[in-house]
Amino acid sequence: MPRFFLEKLDESDICITGPDARHIGLSLRMKIGDPLTVCAYGRDYQCRIRSISPEEVHLEMLSVSLCAAEPSISVTLYQAMPKFDKLEQIIQKSVELGAVRIVPVLTRRCISRPKPQEFEKKRSRLQKIAASAAKQAGRGMVPDVENLYTFSQMCEEIKQADCAILLYESGGIRFDAVPLQGARSIALIIGSEGGFDPEEAQSLQAYGASAVWLGKRILRCETAPLAALSILMHRTGNL
């Protein structure tokens with residue numbers, strides 16, 4: 001069944017507009033009475049088409065339920081800025097694995113160092129990649145891809161998480177030793193191609209992040225977040 005995402009909806013008159021409305025009528029050739037699913041707020045709204053035009057599709061809600069594909073934990077991925085092609089891959093796969101937010105961060109060893117204005121121009125494409133991955137994975141929401149953060153912005157924000165995890169190639173505790181019991185919001189921090197500067201790693205630990213070591217094999221920056229997310233989802237019963 002086709003799935004469409006809305007940031008906000010009125011349950012008494014669910015309405016899809018813009019490109020999605022045109023896609024429903026012109027590409028999918030759907031008609032009045034056809035069923036479809038609208039996703040918002042982590043819920044699945046089972047609907048059928050009440051009226052349709054190229055500009056607006058009005059729906060009748062049949063039932064609503066929590067999206068079974070949404071994990072019970074809220075993971076924000078803080079990804080030190082890699083090259084753009086790698087960032088696109090990281091966003092796509094992280095959304096599929098259950099991340100609810102992706103935050104690119106500029107750190108000392110980042111090879112790719114876009115200016116904030118340059119990154120903002122490409123952000124819409126990155127958000128579309130997240131939306132496409134969310135549809136493919138049957139998610140109940142589209143994770144946000146944030147603007148480029150500074151290192152200090154990340155440090156201040158991770159203090160709000162129940163648990164902060166820093167993947168660090170120079171050592172740390174094993175992943176199975178990370179205390180996750182009761183944690184609902186998790187900050188996952190991954191380095192770029194050059195990893196983290198030792199001073200940055202010390203700062204992150206001072207802000208409450210646990211340094212975690214994935215073993216003697218050094219993973220690429222596009223592999224590490226996928227391995228970590230998979231372990232997190234498995235350990236919390238979401239995979």
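In the predicted model, strands β6 and β11 pair in the parallel sense, with six bridges between them. Within this pairing, L77 has L188 of β11 as its bridge partner. Strand β11 also pairs with β10, again in the parallel sense, over four bridges; here A164 is matched with A187 of β11. Five of the six residues of β11 are buried, so the strand is largely enclosed by the rest of the structure.

The strands of this region also contribute to the largest nonpolar core, which comprises 21 residues. The residues with the most contacts inside this core are V75, I165, L167, F175, I186, L188 and L232. At least two core residues are supplied by each of β6 (74-80), β10 (163-167), β11 (185-190) and α6 (224-235). Helix α6 provides the largest share, namely five residues. In soluble globular proteins, nonpolar side chains tend to be buried together. The surroundings of I186 illustrate the packing in detail: apart from residues up to four places away in sequence, I186 touches I73, S74, V75, T76, A161, C163, I165, L180 and L232.

A search of the whole structure identifies 14 salt bridges. One of them joins the side chains of K86 and E193, with an N to O distance of 3.6 Å. Because K86 belongs to helix α2 (residues 84-97) and E193 to the loop between β11 and α5 (198-206), this pair ties together parts that are 107 residues apart in sequence. K86 is buried, its relative accessible area being 17%, whereas E193 is partly exposed at 27% relative accessibility.

A further salt bridge is formed by R101 and E157, whose closest N and O atoms are 2.9 Å apart. R101 is located in strand β7 (residues 101-106) and E157 in helix α4 (residues 151-158), so the contact ties together parts separated by 56 residues in sequence. With a relative accessibility of 17%, R101 counts as buried, while E157, at 23%, counts as partly exposed. The two residues also take part in a network of salt bridges that links R101, E146 and E157. The salt bridge between D176 and R174 has its closest N and O atoms 3.7 Å apart, and both D176 and R174 are exposed.

R139 is situated in the loop between α3 (116-137) and β8 (144-145). Despite this loop position, R139 counts as buried, with a relative accessibility of 1%. The side chain of R139 makes a polar contact of 2.6 Å with the side chain of E70. When residues up to four places away in sequence are left aside, R139 touches R3, F5, C39, C67, A69, E70, V95, G98, A99, V100 and A134. The contacts of R139 thus include two cysteines, C39 and C67, which are considered next.

A disulfide is a covalent bond between the sulfur atoms of two cysteines. The model holds zero disulfides. For C39, the closest cysteine sulfur is that of C67, at 6.0 Å, which is too far for a bond; a disulfide would require the two sulfur atoms to lie within 2.5 Å. C39 is buried, with a relative accessible area of 1%. For C163, the closest cysteine sulfur belongs to C155 and lies 16 Å away, likewise too far for a bond. C163 is buried at 7% relative accessibility, and this cysteine is among the residues touched by I186.

Y207 occupies the loop between α5 and β12 (210-212). This tyrosine is partly exposed, with a relative accessible area of 33%. Beyond residues up to four places away in sequence, Y207 touches C155, E156, I158 and K159. Y207 and A40 are 167 residues apart in sequence, and their C-alpha atoms are 33 Å apart in space.

Note on methods
Residues are numbered from 1 along each chain as its sequence is written. This is a predicted model: local features need pLDDT of at least 70, side-chain atom pairs count only at pLDDT 80 or more; totals for chains, interfaces and linings use all residues. Side-chain values use heavy atoms; hydrogens and water are left out. A nonpolar core is a set of buried Ala, Val, Leu, Ile, Met, Phe, Trp, Tyr and Cys residues joined through side-chain atoms within 4.5 Å. Buried means under 20% relative accessible area, exposed over 50%, partly exposed in between (1.4 Å probe, protein chains only). Contact means heavy atoms within 4.5 Å. A salt bridge is a side-chain nitrogen of Lys or Arg within 4 Å of a carboxyl oxygen of Asp or Glu. A polar contact is a pair of N or O atoms within 3.5 Å; within protein, one must be able to donate a hydrogen and the other to accept it, and residues adjacent in sequence count only if both atoms are side-chain atoms. Two strands pair if DSSP finds at least two bridges between them.
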